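Colleague: Please give me a close look at one part of this model, the sheet. I'd like to follow how its strands are put together before I think about anything else.

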Amino acid sequence: MELKVLLVCDDVLPCQELQQGLERSGIGQVERIGVKDNLLKAIADLEVDLIIVDVEKPTLNLFEQFAVVHEYCPKPVICFSGERDTHIIAQSVKAGITAYIVDGKDADRMQPIIEVAMARFKQCQALKKELIQVKDKLSERAVIERAKGLLIEYKHMSEDQAYKTMRKMAMDQGKKISVIAHEICDVIKALSA
């Protein structure tokens, strides 16, 4: 796998097993930092494809950093931990951790874990993008309906006339109908103020 991995560890020695597992999986580019190092700076500086965390017990501070990563520069994150507490696991999901693995750093398992985490991350990103598109379409639809309502109220048009008027304006001006709808709302708002 041609991935650049950031390995975030509790301390240096336990990461050796994980790093060897990554190398056996064919991942040669592994950068290591400690959990107390600046995670956000490391991600920005190194341009990594995957983040792997090896901690005995994740902290709230660590999850807060991953929540920021998840929000502003999403990356797939695999967390290997000894902590089985369901509250901690729920926090990891909320922070955007892609996979949370308890006691399972065996080198032979590394490649399938990474493949599943990468696939899950891609699927989640695709769903997030689709949700944004749906919200945008609903927002556009709402402004078009609002503009139609204003044309009906102020220009005494029928609903069909209002829509056809906006559609013709959009074609004549080479703009999307939602842009025309925004302009109509702004103009009528300004005139009625």
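Modeller: Happy to! One term first: two strands count as paired if DSSP finds at least two bridges between them. Keep in mind, too, that this is a predicted model.

Let's start with the overall layout. Five strands form an open sheet, in the order E2-E1-E3-E4-E5, and their pairing is parallel. The edges are strand E2, residues 29–34, and strand E5, residues 99–102, each of which pairs on one side only. On average, neighbouring strands of this sheet are turned by 20° against each other, direction ignored. As a general reminder, strands of a sheet pair through backbone hydrogen bonds, either parallel or antiparallel.

Now find strand E1, residues 4–9. E1 runs parallel to E2, joined to that strand by six bridges. Five bridges join E1 to E3, and these two strands also run parallel. Val5 is a handy residue to click on: its bridge partner in E2 is Val30, while in E3 Val5 stands opposite Leu50. E1 is mostly covered, with five of its six residues buried.

From there, move along to strand E3, residues 50–55, which pairs with strand E4, residues 77–81, in the parallel sense over five bridges. Within this pair, Ile52 stands opposite Ile78 in E4.

While you are looking at E4, which spans residues 77–81, have a look at Cys79. Is this cysteine buried or exposed? Cys79 counts as buried because its relative accessibility is 2%, and the cut-off for buried is under 20%. As a biochemist you may be wondering about disulfides here. The structure holds zero of them. Cys79 is in no disulfide, and the nearest cysteine sulfur, that of Cys9, is 11 Å away. A pair of cysteine sulfur atoms has to be within 2.5 Å to count as a disulfide, so the 11 Å between these two sulfurs does not qualify.

Finally, see what packs over the strands. Helix H2, residues 39–46, lies across E1, E2 and E3. H2 runs at about 165° to E1. To keep the picture in mind, begin at E1, with E2 paired to E1 over six bridges and E3 paired to E1 over five. Then step from E3 to E4 through Ile52 and Ile78, and finish at the edge strand E5.

Conventions: Residues are numbered from 1 along each chain as its sequence is written. This is a predicted model: local features need pLDDT of at least 70, side-chain atom pairs count only at pLDDT 80 or more; totals for chains, interfaces and linings use all residues. Side-chain values use heavy atoms; hydrogens and water are left out. Buried means under 20% relative accessible area, exposed over 50%, partly exposed in between (1.4 Å probe, protein chains only). Helices (H or I, at least four residues) and strands (E, at least two) are DSSP runs, numbered from the N terminus. Axes are lines fitted to C-alpha atoms, for helices over the stretch in contact, and angles run from 0 to 180 degrees between N-to-C directions. Contact means heavy atoms within 4.5 Å.
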